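Here is a set of questions and answers to work through with the model open. Try each question before reading on.

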Amino acid sequence: MMNKIFNLTFALAAALMSNPMAVRAYTSDFDKGYDQGQKKAMNIWNYQYGGKCTHISDFEYKVNDYIKSNYWWYSSDSAFTKSFDKGGQAGMKHVLQQYQTQCHNDHHDNDDVNVDTGMCSGLGKDAASEIAEKYAEYHCPNYSRPNTILSPKKYKEECFEIGLDDCKGAINDDIYRYCGSYIDDYSVLKGLKFKCGYKVSGYIDDSLH
């Protein structure tokens with residue numbers, strides 16, 4: 001009987017040594033939530049959006065929606081739930097920030113002079129830059145105006161939908177350029193993106209005069 005117990009214990013130890021991730025010991029409820037939040041965000045990024053930076057804005061929306069649906073704690077919740085949910089939020093936001101920074105760096109590595117090749121895309125990004133700069137003037141203590149800002153260009157009316165999508169996708173990237181950090185407040189970011197329609201439309205109106 002003792003030999004069987006010894007052999008079983010030895011086999012279990014060998015299995016753990018060969019695969020150290022087989023069993024994960026969490027030091028706190030926050031750590032458990034953080035780990036699960038990271039894994040969920042990475043799964044969303046890789047399997048829903050294919051890990052492509054063209055979907056970084058959609059990924060941001062998805063992360064915020066998932067947090068509100070699954071990791072939103074209330075004052076009446078237990079200490080375990082609060083700690084776990086706070087960890088889940090932090091884990092997902094950490095992954096989001098990583099990919100935002102990665103996509104930001106990849107974009108500028110491929111476009112050192114910050115020139116848009118597509119007119120419609122350029123329209124949206126011009127609008128995003130202007131919205132972000134106006135926000136930064138009042139809300140960012142480290143506000144600085146990049147030397148590469150381009151003047152609004154003239155575009156055709158049929159570019160509106162493309163320009164609108166690109167404006168919304170570029171807002172947080174431009175906030176980073178002016179403020180040195182991204183906005184992680186979902187409601188503030190949503191309000192800034194709402195302004196894209198008016199700004200892009202205004203550029204089109206100017207171009208048709």
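Q: In this predicted model, which helix holds Ala 136?
A: Ala 136 falls within a helix that spans residues 119-139. That element is helix 5.

Q: Is Ala 136 buried or exposed?
A: The cut-off for buried is under 20% relative accessible area. Ala 136 has a relative accessible area of 0%, so it counts as buried.

Q: Leaving aside neighbours within four places in sequence, which residues is Ala 136 in contact with?
A: One partner is Cys 179, which lies 43 residues away in sequence. The C-alpha atoms of Ala 136 and Cys 179 are 6.3 Å apart. The full list for Ala 136 is Tyr 143, Tyr 178 and Cys 179.

Q: Which residue lies over the face of Tyr 178?
A: Tyr 178 is also one of the contacts of Ala 136. The distance to the ring centre of Tyr 178 is 5.8 Å, and the residue over the face is Arg 177.

Q: What is the geometry of the aromatic pair formed by Phe 59 and Tyr 99?
A: A pair of aromatic rings is described by the distance of the centres and the angle of the planes. For Phe 59 and Tyr 99, the centres are 6.2 Å apart and the planes meet at 75°. Planes over 60 degrees apart count as edge-to-face. The pair of Phe 59 and Tyr 99 is therefore edge-to-face.

Q: Which helices does this pair link?
A: Phe 59 and Tyr 99 are 40 residues apart, in distant parts of the chain. Phe 59 sits in helix 3 (residues 56-70), and Tyr 99 in helix 4 (residues 79-109). The link runs between helix 3 and helix 4.

Q: Are Phe 59 and Tyr 99 buried or exposed?
A: Buried requires under 20% relative accessible area. Phe 59 is at 0% relative accessibility, so it qualifies. Tyr 99 is at 14%, so Tyr 99 is likewise buried.

Q: Which residues form one aromatic cluster with Phe 59 and Tyr 99?
A: The structure holds 11 aromatic pairs. Phe 59 and Tyr 99 form a cluster with Trp 45 and Tyr 49.

Q: Which side chain makes a polar contact with the side chain of Glu 60?
A: Glu 60 is in helix 3. Its relative accessible area is 6%, so Glu 60 is buried. Residues that touch Glu 60 include Leu 96, Gln 100 and Lys 193. The polar contact, at 3.4 Å, is with Asn 172.

Q: Which element has the lowest mean pLDDT?
A: The mean pLDDT of the protein is 74. Helix 2 (residues 29-48) has the highest value among the elements, 93. The lowest, 45, belongs to helix 1.

Notes:
Residues are numbered from 1 along each chain as its sequence is written. This is a predicted model: local features need pLDDT of at least 70, side-chain atom pairs count only at pLDDT 80 or more; totals for chains, interfaces and linings use all residues. Side-chain values use heavy atoms; hydrogens and water are left out. Helices (H or I, at least four residues) and strands (E, at least two) are DSSP runs, numbered from the N terminus. Buried means under 20% relative accessible area, exposed over 50%, partly exposed in between (1.4 Å probe, protein chains only). Contact means heavy atoms within 4.5 Å. pLDDT is the predictor's confidence in each residue, from 0 to 100. Rings of Phe, Tyr and Trp (its six-membered ring) pair if their centres lie within 6.5 Å; planes under 30 degrees apart count as stacked, over 60 as edge-to-face and the rest as tilted. A charge sits over a ring if NZ of Lys or CZ of Arg is within 6 Å of the ring centre and within 35 degrees of the ring normal. A polar contact is a pair of N or O atoms within 3.5 Å; within protein, one must be able to donate a hydrogen and the other to accept it, and residues adjacent in sequence count only if both atoms are side-chain atoms.
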